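Me: Please take a close look at a single residue of this model, explain its setting, and then relate what you find to other parts of the chain. I am new to this structure.

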Amino acid sequence: MNSAKPIGQYLVNKGIITQKQLDEALQEQKNSGEFMGVILVKKGYASEHIIAKSLSEELGLAFMDLSKYSIEASAIKLVPEEICRKYVAIPIYQAGKNLTVAMANPMDQKAIEEIRKVSNLNVRPVFSPISEIKDRIEREYGGAGPVFKESPKEVEELIEVASLAPVIQMVDSVITKAVEQGASDIHLEPEQKHFYCRYRIDGILRDYPELPKRYEAAIISRIKIMASMDIAEKRLPQDGRIQLTVANKNVDLRVSTFPTLNGENVVLRILDRSRAFLELNQLGFPPETLKVFEKAITRPYGIILVTGPTGSGKTTTLYAALNKINSVEKNIMTLEDPVEYEIARVRQSQVNPKAGLTFATGLRSMVRQDPNIIMIGEIRDKETADIAIHAALTGHLVFSTLHTNDSASAATRLIDIGVEPFLVATSVIAILAQRLVRTLCLHCKKSYTPTKEELELLGIKEASRSSDEKFMLYKEVGCGRCFETGYSGRMGIFEILIPNDEIKELISRKVSATVINEAAVRAGMKTLREDGTLKVKEGVTTVAELLRVTKEA
């Protein structure tokens, strides 16, 4: 029997849709051949859950929310994938001679009979939303080849809708506003009933007005087209790149897609190539730390490490350092992932693992290019570390990064990945640890009298203050110029460890990072927390912000 009309009529009788809406849906179904439920949802007449629940009540069939149930692997083996896709149905579990099957249309007797024949079991149909069934089919049957791809007709439709003026305008607006607000990343996040957008500004994610859910596929397709990505591929991660001019700025967008339960998550990393390089003295270095670091980067050979978590400004510091020492007399070469900004007269390369160009293989070839100075984006393994150390010990100045919480941990990390302790002690000439703190908005920050706890944190004893002394700190307020956050921009906080004879001896003996840190402090090193405390006292940032970025340091 024709199951589409009864389903529609049930919904009319239930008051979920009107007769006029049903007639329109029936007319569209004659042309498209789609499920009635799909058409009603697409037109916005009813949601999938409401349709499925209402019909289950009307027909006396169970409703099953697939997100709350696991599917038996043995049940999946009973019904071929092509039948599940054909009828939008998926077996859930077997109980005796009964097989429970979630179906988009549990009244489809033809589907029930075919599933009964292939499984040799009685079929117990239950209602489930169409999108949930399709998603579970993809996840449970998993698949290589065509199941991950849109059909040629669907690809053609995606290209068509992605070229519509409203879609182009929405994508352009999202990117333009992100660049204007100084965002480093754009996140497009699909959920079952929403399509969220967030910007990362000054290291913190902030909500952007939600995008229309109905345009989700078109917006993502538009971005993928711009990034020369495969718009038919939705079930595998992809990477792409967009170059464009936004607000009179030359901008690179590194695009990454990742499949999730509710669709493709998209992240766009914004690289503003028109932005001028920051000088070392603009990064927030305390005068003494800057003096020590500038002396280290002028050494003829050795390894200089910059450490900190992702997003702590390591690359910016390295670029500023290279820019400082760049001259016609020096051959500077870099191997990065990726190359974020171009530096004049510096030979910059980008890793390409698919082509066999890793940090290790690239560094091995680079040392044969007669460099004076080498910058390698990150030391990730023993092979890369060994080559970097060998280069440092044979007359090259090597810059690189490590993901450690403080400077002392960098030495122990190299040892942990397999480098001989005496080689670490011999080759490493400086370790700079850093974080980025948000700086207070100059237009709205407000002074206040700190609490006793805050004073103790800053190393100030209340009893040491005279009764008429008013020691003030500042806190964030929020105004139009800082988008109501109270903060505008970021600044680095730093600690630099220069291995002296005692520290080299400790490294050679494989002592803990704590012991190395204590020796560095005795030798005069100012810690991250101490540098941050100075900036809090100066009214540059807040106690809360300092605690946020140094809680693990």
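Reply: Ser400 counts as buried because its relative accessibility is 0%; buried means under 20% relative accessible area, exposed over 50%, and partly exposed in between, with a 1.4 Å probe and protein chains only. The model is predicted, so local features need pLDDT of at least 70 and side-chain atom pairs count only at pLDDT 80 or more, while totals for chains, interfaces and linings use all residues. Residues are numbered from 1 along each chain as its sequence is written, and side-chain values use heavy atoms, with hydrogens and water left out.

Ser400 lies in strand β14, residues 397–402; helices (H or I, at least four residues) and strands (E, at least two) are DSSP runs numbered from the N terminus. Beyond its neighbours within four places in sequence, Ser400 is in contact (heavy atoms within 4.5 Å) with Ile304, Leu305 and Val306, and also with Ile376, Gly377, Glu378 and Ile379. With Ile379 there is a further link: the side chain of Ser400 reaches the backbone nitrogen of Ile379 at 3.5 Å.

Leu305, one of the contacts of Ser400, leads to the largest nonpolar core. Such a core is a set of buried Ala, Val, Leu, Ile, Met, Phe, Trp, Tyr and Cys residues joined through side-chain atoms within 4.5 Å. This one has 40 residues, and those with the most contacts inside it are Ile303, Leu305, Leu414, Val424, Leu497, Ile507 and Ile516. Helix α15, residues 382–393, gives the most to this core, with six residues. Leu497, not counting residues up to four places away in sequence, touches Ser407, Ala408, Ala430, Ile431, Ile503, Ile516, Ala520 and Met525.

A second residue offers a contrast. Val41, in helix α3 (residues 36–42), counts as partly exposed because its relative accessibility is 30%. Leaving aside neighbours within four places in sequence, Val41 is in contact with Ala46, Ser47, Glu48 and Ile51. The C-alpha atoms of Val41 and Cys479, 438 residues apart along the chain, are separated by 42 Å.

Ile51 is also one of the buried residues of helix α4, together with His49, Ala52, Ser54, Leu55 and Ser56. Helix α4 (residues 48–59) has 12 residues, and at 1.5 Å a residue these should span 16 Å, which agrees with the 16 Å between its end C-alpha atoms; the expected span is 1.5 Å times one less than the number of residues. After α4 comes Gly60, with a positive phi near 75 degrees.

Methods:
Polar contact = N/O pair within 3.5 Å; in protein donor to acceptor, adjacent residues only side chain to side chain.
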